[in-house]
Amino acid sequence: MDPMLAEKPVDLAALSPVDLHHRVAQFLYLEARLQDTHAYDAWEQLWEDDAIYWVPANGHDTDPERQMSILYDNRSRIKVRVEQLKTGRRHTQTPRSELARLISNIEVVAVEGAEVSVRANVLIYEDNLRGETLWAARNEYRLRLVDGAFRLVRKKIGLVNNARPVFTLSFLV
Amino acid sequence: MTETSTLPRIDSLIEPARVHSRLYTDREIFEEEMRRIWHRTWVYIGHESEVPNANDYVTKSIGPTPVLMVRDRQGEIRLLLNKCPHRGNQLCAYKQGNRATFTCPYHSWTFANTGELMGYALPDGYEGVSKAGVGLGKVARIGIYRGFVFGSMAAEGPTLMEHLGGAKAALDQLCDNSPTGELELTAGFLQHRTRANWKFMLENETDGYHPGFVHASIFQVTKSGIANLYGKDSTALTRDYGNGHTEFDLRPEWRRLDTPLKWFGTSEERLPEYTAAMKAAYGDDRARQIMIDGSPHTMIFPNLFIAEIQLFVLQPMAVDETIQHVTAVQFKGAPDINRRLRQQTMGSVGPAGLLLADDTEMYERNHRGALIHDPEWLVLSRGLHRERRDENGFRVAHSTDEVPQRGIWRHYLSLMQE
Ligand SMILES: [Fe+2]
């Protein structure tokens, strides 16, 4: 990890906007790389215990406690998901999807104590046995600074076409 | 089939225990299925609880054809085709909503939600022309059983009850798991796009042979005892209800375990409100039996799959593309179990589901395999030697046997030949 992120203590409110933006971007790129390279354990360890990993369906303002979502994992289900991928018998990921994602339009929305809310757009190219698929999403994150490094508290992946039928989404999005 | 068709006779492609790969990949056969199956037999459309109020509508389908399921102002369910009879424009562009009338955006013809034309725009151009008979297309027949709305594009044919036959019991069993006897499908549907022929899904829904292999990864990770239900020593049954309806019947296993809510991986203690409501509704003994037997695992031909805690609706779009629509079963008047039903459904099914993503991977591989011409025939002979009749005369066999698949093709052949 970037040694700069390991400095502590860090007061988010005291950082310059440029510094904060840089640290957030570096973290999002790290997460993207872990996902693209199927670094399952390292990705799972980014998550806090109160995690919510959410891919809504049928719009972007649905209530995941009432409505169906494509994915709505708490911390323990994130672990199950990763453990399943690691068995080598998660057929939809054997062979694994080939992935490259671009993250852009990163905006820091708010800072509250040790937490920062972020928006970013992502475009994911996937190639697998079925063929090529492009995924586009407007993401929302809540990151928490713990021991000088960001961790994931909440990640909402707003697939732009989530009201329409979508192919299997079995890589880490 | 017409004289000019390049199609072989369909009965040359289907034998009692094997079927030809071409049935899954041939575009002409797909078109023929649309005519002889999807536009004729009873097809599941939606549930009454999806349009609870007068003037509610939701877009459903019969194969690739969109169908507006409407509750009109009198409260009656209508199934309308989404096409303006003037110049054929798509009438309604929204998935759901509430409206008493539909106005075509092209030339502003307006229709009541019963389908009748209410008025022409600039009516002087239609002087002396009657509005009668100019309405929206309709699904010819509507049949509703316990809130489940079915439609048939054929004006004549077997009644819905004749079509459902023995499989009606599965709808009853499902509804009996609700303390009010009613479902409320209010959680919305996931839509899983699948690059495979619809019949791979139809056949797999009651295939008890695959879970131990396709789902081994999740059984391993969750240390689930469920894998045993799909093993050699399972007492679960596969069943052919006739008319293409099939079942994977787990009741023998649940009755052996004799523990309420075991079927759902939970207990009476963990769902106290639901348990109390069930006992109040059915009495202690009957409630206990319902909660031991659990919810069915039944495929109602051609497109409604009751997967215990989910409802799937299969929508063929093309010979090589199918959409699996899926939602959580929700019981009216049972909030504590409903929450758990939604959570488990979201984990298991849909595009990211811990189970269904792997099934869907198999469907897409099935389809790619079917395109390879050698060997031509696919084998459905498992358990042929131990098929028997249950107390109601339906074919049953071991949980891993291919009784359901043979039953599906028997019915398919009869429809495609008639
Ligand atoms: Fe399966």
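What follows is a chat about the domains and chain contacts in a predicted model.

Colleague: What domains does chain B have?

Modeller: The domain assignment splits chain B into domain 1, residues 43-152, and domain 2, residues 166-417.

Colleague: Which residues of chain B does UniProt list for "domain: Rieske"?

Modeller: The UniProt record, an unreviewed entry, gives residues 42-111 of chain B.

Colleague: How much of that stretch, residues 42-111 of chain B, is helix and how much is strand?

Modeller: Helix is 0% and strand is 46% there. The C-alpha atoms at the two ends of the stretch are 26 Å apart.

Colleague: Back to the two domains of chain B. How far apart are the C-alpha centres?

Modeller: The centres of domain 1 and domain 2 of chain B lie 32 Å apart. The two domains are in contact, through 14 residues of domain 1 and 21 residues of domain 2. Together they bury about 1500 Å², and 62% of that is on carbon and sulfur atoms.

Colleague: Which residues of domain 1 lose the most area to domain 2 in chain B?

Modeller: Those are B:Y44, B:R146 and B:F148, which together make up 37% of what the domain 1 side buries.

Colleague: And how many salt bridges are there across that interface between domain 1 and domain 2 of chain B?

Modeller: The rule finds two. B:R146 turns up again here: its side chain meets that of B:D176 in a salt bridge, at 3.8 Å from N to O. Polar contacts across the interface of the two domains come to nine residue pairs.

Colleague: Which elements of domain 1 of chain B touch domain 2?

Modeller: Those giving two or more residues are the strands β3 (43-47), β4 (56-62) and β12 (148-152) of chain B. The largest share, three residues, comes from β3(B). By residue type, the domain 1 side has six nonpolar, four polar and four charged residues.

Colleague: New topic. How many residues of chain B are in contact with chain A?

Modeller: On the chain B side there are 43 residues, in contact with 33 residues of chain A. The two chains bury about 3300 Å² between them, with 52% of it on carbon and sulfur atoms.

Colleague: Why give a buried area at all?

Modeller: Because the size of an interface is often given as the accessible area lost when the parts come together.

Colleague: Which three residues of chain B supply more of the area buried against chain A than any other three?

Modeller: B:M346, B:A352 and B:L354, with 18% of the area that chain B buries there.

Colleague: How many salt bridges are there between chain B and chain A?

Modeller: The count is three. One salt bridge joins B:D358 and A:R90, where the closest N and O atoms are 3.0 Å apart. The rule also finds 25 residue pairs in polar contact across the interface of chain B and chain A.

Colleague: Which element of chain B gives the most to the side that touches chain A?

Modeller: That is α12(B), with eight residues. The residues on the chain B side are 18 nonpolar, 15 polar and ten charged.

Colleague: Last one. How many salt bridges does the structure hold over all chains?

Modeller: There are 51. An example within chain A is A:E115 with A:R142, whose closest N and O atoms are 2.9 Å apart. A:E115 is in strand β4 and A:R142 in strand β5 of chain A, so named by their residue runs 115-128 and 131-146. The pair is 27 residues apart and links distant parts of the chain.

How values were computed: Residues numbered from 1 in each chain as written. Chains lettered and ligands numbered in written order. Predicted model: local features only at pLDDT ≥ 70, side-chain atom pairs only at ≥ 80, totals over all residues. Heavy atoms only, no water. UniProt positions renumbered as here; feature names shortened; annotations may be inferred. Helix = DSSP H or I, 4+ residues; strand = E, 2+ residues; numbered from the N terminus. Domains from an automatic or database assignment. Contact = heavy atoms within 4.5 Å. Buried area = accessible area lost by both parts, 1.4 Å probe. Salt bridge = Lys/Arg side-chain N within 4 Å of Asp/Glu carboxyl O. Polar contact = N/O pair within 3.5 Å; in protein donor to acceptor, adjacent residues only side chain to side chain. Nonpolar A, V, L, I, M, F, W, Y, C, P; charged D, E, K, R; others polar.
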